[in-house]
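Biologist: Got a minute to go through this model with me? I'd like to talk about the aromatic rings.

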Amino acid sequence: MSATSAPLVRIEGLCKRYGSLRVLDGIDLDVATGEVVCIIGPSGSGKSTMLRCVNHLEQPDYGSVRVDGELIGVHERRGRLVDLPAQELARQRTAIGMVFQAFNLFGHMTVLENIVEAPMRVLGQDRAAAREHALALLEHVRLVGKTDAYPRQLSGGQQQRVAIARALAMRPKVMLFDEPTSALDPETVGEVLSVMKLLADDGLTMLVVTHEIDFARDVADRVVFVDGGRIIEQGPPAEVIDHPREERTQRFLARIGTGAGPVD
Amino acid sequence: MVGKTLAWAIRIFVVLVAVEVGSTFLTSESLQWSVVWSYLFDTNVLNGVWRTIELTVIAMVLGCIIGLVLALMRLSSSAVFGSLATAYIWVFRGTPVLVQILFWYNLASFLPDLSIGIPFGPDFASSPTNDLVTPLVAACLGLGLNEGAYMSEIFRAGILSVDHGQSEASAALGMTRRQAMRRIIVPQAMRVIVPPTGNQVISMLKGTSLVSIISMNELLYTVQVIYSRTFETIPLLVVASIWYLVLTTVLSIGQYFIERHYARGSSRAVPLSWRERLGRGTTQPEGFFSHQEAK
């Protein structure tokens, strides 16, 4: 990260608790434009919650998230942070793409309808332009010829690639991936990861919560290890994954097994 | 095989009973089919049929509007809205609809005048209750307000049946709550909402006969008026039954097509075609009379 340019995503002092459980306990993280950050950690460590705070699907109790300098979900009024009107939050979310573990494709719409829905209804694009962009995106995620299929007729890996295309159709500044391969059959994990690698190579800014250590090693510019709602350690994959300094990181990596070589 | 013989014996017995009942019914002197025929397309009867359809439509539309509002109130995070809706459902589902119809019909004896104005303040307009609450209005209120309580539960179940991930995905794409409801949630909830709503419409169609008690000239009341004069009670009840059957059959066919429309994208939920249902379809190897045991 260069010291001169402001970070695209700036997370500051994020705290959140569910009852007595401290899910996030003071998270600070900056992500530069074009950077790919993989967030790893045991389940229940708060990594998904942190990601969901970025587009305000979860409201943090304390702390703030800025994307491109703009506070997300709140605005400052007389020194206090006040919730934004729903309309404004919706506008902010158009710049933040998200891919979910369970795909969450719209089941009553075809692949093409899924992708053009938000560009047309939210951004006001005309059908022809939205369709053209959608077809280009489908080509990019290697799903030509599936435009008229319904999500249920596709494999998990295909559905997740449609979901990626749907998020990209909004031309977001940053993409959030919430365990995008955790719900997939082992044989379709690779096709999703290779599409994500393509996007990373294109220079897309990505925050990826994942258990795919090989993917993180191969694609991430930076790996962040989260445990107990705190960032324990972060740095280039060669350091965090292959030579972790913290004992908790070492134990986590030993437990899940850092496995074989890089993904193709 | 004993089992197979017994199964056939039961089938033959059931068919014989059905034929006996049917022939008794069709050839009965007291049924007077000629009387049935002469009244089937009688102008008064047709007016009654029309009034029944009208009442069904008005009460269902009223019920759906109230039901949707109540469902959204119950699903909202507001405790005030939620408990108001719960109280409404408690009252209107907890008392017989016949009592509710009589209540609205007799509203004047409880509130002689109805007025619009500021609560505990001055009135802007006032009118005798009996001028406003005609039998038609009482019938629509009785049936529609009651229906709202049932429809709210159907809408609520439908909306809750849509996975929460659909709302999250819509929100993440920058849709407002309203857009997500209209474009994503409700269309998918319809798959769960339509079948029970079809049943409600059919129940409502038959339920309109209850308002005969307040002299509303719908189908049942119309035939009652005729047979109180001619004493051809059973033939006229058959006339009414034939019309109710015709209307409910038409509704069932309509429901089939609506269900098929909303089953888009869920291949497993496509209802059988009419040919398949009647067992004559090409893709129906399993009829009533086929056996798995013949191995």
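Biologist: How many aromatic pairs are there over all chains?
Modeller: The count is 5 in this predicted model. Rings of Phe, Tyr and Trp (its six-membered ring) pair if their centres lie within 6.5 Å; planes under 30 degrees apart are stacked, over 60 edge-to-face, the rest tilted. One of them is Phe103(B) with Trp104(B), edge-to-face because the planes are at 85°, with centres 5.4 Å apart.

Biologist: Is Trp104(B) buried or exposed?
Modeller: Trp104(B) is buried at 16% relative accessibility, while Phe103(B) is partly exposed at 42%. Buried is under 20% relative accessible area, exposed over 50%, partly exposed in between (1.4 Å probe, protein chains only).

Biologist: And what about Tyr256(B) and Phe257(B)?
Modeller: Edge-to-face too, with centres 4.9 Å apart and planes at 70°. Tyr256(B) is buried at 5%; Phe257(B), at 44%, is partly exposed.

Biologist: New topic: which ring does Arg166(A) lie over?
Modeller: Phe106(A), at 4.5 Å from the ring centre. The rule wants NZ of Lys or CZ of Arg within 6 Å of the centre and within 35 degrees of the ring normal.

Biologist: Where is pLDDT under 50 in chain B?
Modeller: Over residues 280–295 of chain B. pLDDT is the predictor's confidence in each residue, from 0 to 100. Where it is low, don't read the predicted coordinates in detail.

Biologist: Any ground rules?
Modeller: Residues are numbered from 1 along each chain as its sequence is written, chains are lettered from A and ligands numbered from 1 in written order, and side-chain values use heavy atoms, without hydrogens and water. Local features need pLDDT of at least 70 and side-chain atom pairs 80 or more, but totals for chains, interfaces and linings use all residues.

Terms used
Contact means heavy atoms within 4.5 Å.
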